[in-house]
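Me: Please look closely at the end of one helix and at what that helix packs against. Then go through a sheet and the largest cavity in the same plain way.

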Amino acid sequence: MAKKKTQTGWVNVYKYMTKEGIQRSFLSKREYALAKDKYTATLNDDYMALAIAVRDRIIERWIDTQQGYHKQNVKRVYYLSMEFLIGRLLGTDIMNLGLWDEVKKAMDEMGFDLEQLRDCETDAGLGNGGLGRLAACFLDSMATMGIAAHGYGIRYDYGIFNQKIVNGYQVEYPDKWLSNGSPWEFQRQEYTAKVRFGGRTYSYTDGEGRTRMKWVDTEDVLATPYDIPVVGYKSDIVNTLRLWSARSSEEFDFRYFNDGDYEKAVYSKVFSENISKVLYPNDSMSQGRELRLKQEYFFTAASIADIIRRFKVENSDFRAFPDKVAIQLNDTHPSIAIVEVLRILLDEEGLEWDTAWDITVRTFAYTNHTVMPEALETWPIPMFEKLLPRHMQLIYEINMHFLKSVAIRFPGDVDRLRRVSIIEEGDPKRIRMAYLAMIGTHSTNGVSALHSELIKTKIFRDFYECFPERFNNKTNGITPRRWLAKANMKLAGLITSVIGDKWVTETSDLKKLLPYRKDASFRKKWQDVKIENKKHFADFIFKSTGIMVDPESMFDVQIKRIHEYKRQLLFGLFIIAEYLKLKKNPSAGVQPRTFIVSGKAAPGYAMAKLIIKFMNSVADVVNRDKAIRDRLKVVFLENYRVSLAERIFPASDLSEQISTAGTEASGTGCMKFMMNGALTIGTYDGANIEMAEEVGRDNIFLFGLKVAAIEELRGRGYNPGGYINNSPALAEIVNLIDSNFFSPVDPGLFKAIVDNLRGSDPYFLCADFDDYGKTQDAVSALYANKAAWTEKAIINVGNAGKFSSDRTIREYAKDIWGLGA
């Protein structure tokens, strides 16, 4: 084995961050880790060999980082999230190690295409969308900034489903992200935790004469941790994402086996391991809801056990727990962790209620991610009590103490007690988990300025009046490492050539770009990068769909989860409007556009799935109509995922952020578009408002009703039919859909869409349609002026610094986690 002398002695050359070291390591791993040579290795084998070679360079830093945390007994941040949409890791880890050029040279010399190897990696789709992607960005930022942090989640055997579009319809297939194994994870059998369900409780008197509770006769599941290293950007810091996998405490029941009942012999194993089998089951069935609750408690209980185990290594006094531990709840899903910590402090550590509750509240913080009250998570008490009887008792007690304090503060306000109670009356009664999260934490934050204001003044106004000091805003952000430096290397290189590379970790430096917006030669280089990105993406579209698109056309893009409030349907109506303009007048000055849509609908969400079919039907009509001479194209890209998003953002010209005002908590896709130089057309919703504040109202296209106007319109009775009748363009489009123009072989297919628009239109598409169209006309006029468009693109990137997740994490650390400035 080749070795090299250093000041500290002889070390393996494989550990060196050089082209030669990487090449030797690659060959060694392919032979000795995979038992392959150049004749037998598949492309996936070569990817695995490279990944393991890169991983080796992470491990030393990982061990050193964790040892440093232990020796210094630092305060740690624990980020609990049901979702971590980490995507592919090879490219990110190479970049964060500062190895991109060396790895590229090493692979080129050996005859390998690095991009081809990277494409072998399957996205780890351990999330549905923005929630999980935000969690992944936060982990990247915490490692880069040197914050002692750990992510905790579930190692789903099957992540978010793979989407195929068949005859225009979404068809779901299992996501087998582990089918070829993962080079990034390490099983930590020694830290397996036992998680309990069911059983019963009883009281007893301890040796000091105090009444205590025991939880017994439980059904136990084992939680086995798998660790994934999280590499900080050129910081030598490597944090940990720990994901829990469920397995049975009894692998095999010989009683049933000996009786010949083989199915029952393995029943316990199969039933237990279902907990971590699939990301978010369809919760329309009772069994689905129960499995979801089991998932939430499974990963939070295992995580809390792990956190306490680690705390006890260096500490013995639980009164110091909040000084060493900060637990951030990413939405309501992990909020049962509050009760779990309280249970352990009371039942296992023997603390008194007041002390235990004070420790719990000072340890936990809660991030809310929803604007819509109907989306807040609740659990039926009979189901909850059956699965977690001790936790139910504690929730009743938490509620009792809280309601007493509210009654004292607001005497005689009986209705307020009903409104703020954790227990929602009904049949059955339900537990309001967001209420538990606000009562049991010292901080509740929204994720955009508008969202945070809405939760204070509308959704959680009663709680804000109880705890005004707990409420704060932490506008979301994205990691510039993945979403600009790696995803858009050409643009990143151009930026670095004029302002240096400090912006990768200090995005405020992007403001240094602003003077260059007036530099014609720089604008030309910017345009060259964009057209090159668009040509590259056009090739990808053709290979993926067979559709040829014009890179010179405007790439007008809406990519996100398919939901009515996100208003993909409004985008579809505009596409039809542009199509009809050309049909009526083929020489009309319609800006050539390629409309790009991508996103998945929840399997049980019928209207969202119908919208996917509708968009594909519109695409079929537009793309086949030779009369419009390819001036418009519509592309629906199937199976939206992180790696696909990384292809789309660099090529995009226009970002569609058109959700109904007051429905999107923040959104981070808008930030990724902005950081890649796309201009935004959007409503007064989520982070769009703060983006407008940063770039200036003249450099973003805002339209539509604001929150107050929507509330006023809803209050006096919204009549979408009136808006349709007053808009000739919209009336023509709705009638065209109703006439089966887009569904000639399946009459009535889109009747539900037409009825929705004419009847209730709950997300105000009809009210916003005309203003949307006028604003799109302004977009087209600007795009025709390449110099002016490019200038605004540069202004957008130059002012994108606020939307780095580094800034967000810095605010969490200072304001919530107590880690100083």
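Reply: N740, just after helix 30, takes a positive phi of about 70 degrees. The model is predicted: local features need pLDDT of at least 70 and side-chain atom pairs 80 or more, while totals for chains, interfaces and linings use all residues. Residues are numbered from 1 along each chain as its sequence is written, and side-chain values use heavy atoms, without hydrogens or water.

Helix 30 itself covers residues 728–738, and its buried residues are L730, A731, I733, V734, L736 and I737. Helices here are DSSP runs (H or I) of at least four residues and strands (E) of at least two, numbered from the N terminus; buried means under 20% relative accessible area with a 1.4 Å probe, protein chains only. These buried residues pack against helix 23 (568–584), helix 24 (606–624), helix 29 (720–725), helix 31 (751–758) and helix 32 (765–783), where contact is heavy atoms within 4.5 Å.

Next, the sheet. Six strands form an open sheet in the order 24-23-22-25-26-27, with parallel pairing. Its edges are strand 24 (632–637) and strand 27 (701–702), each of which pairs on one side only; two strands pair if DSSP finds at least two bridges between them. Strand 22 (residues 554–559) and strand 23 (residues 593–598) are joined by 6 bridges in the parallel sense. F555 stands opposite T594 of strand 23.

Two helices lie across strand 22, strand 23 and strand 24. One is helix 22 (residues 520–545), which runs at about 65 degrees to strand 24. Helix 25 (residues 642–651) also lies across these three strands, at about 140 degrees to strand 22. Axes are lines fitted to C-alpha atoms, for helices over the stretch in contact, and angles between N-to-C directions run from 0 to 180 degrees.

Last, the cavities. The structure holds 6 of 30 Å³ or more (a cavity is a set of 1 Å grid points where a 1.4 Å probe fits but cannot get out, and lining residues have an atom within 4 Å of a point). The largest has about 190 Å³ of space, the volume being that filled by probe spheres set on the points. Its lining has 16 residues, with L89, T92, A136, D140 and V230 nearest the centre. Helix 3 (90–96), helix 6 (130–144) and strand 13 (219–231) each supply at least two residues of this lining.

Technical notes:
On a 1 Å grid over the protein atoms alone, a cavity is a set of points where a 1.4 Å probe fits but cannot get out, and a pocket is an open set with protein on both sides within 12 Å along at least five of seven lines; lining residues have an atom within 4 Å of a point. Buried means under 20% relative accessible area, exposed over 50%, partly exposed in between (1.4 Å probe, protein chains only).
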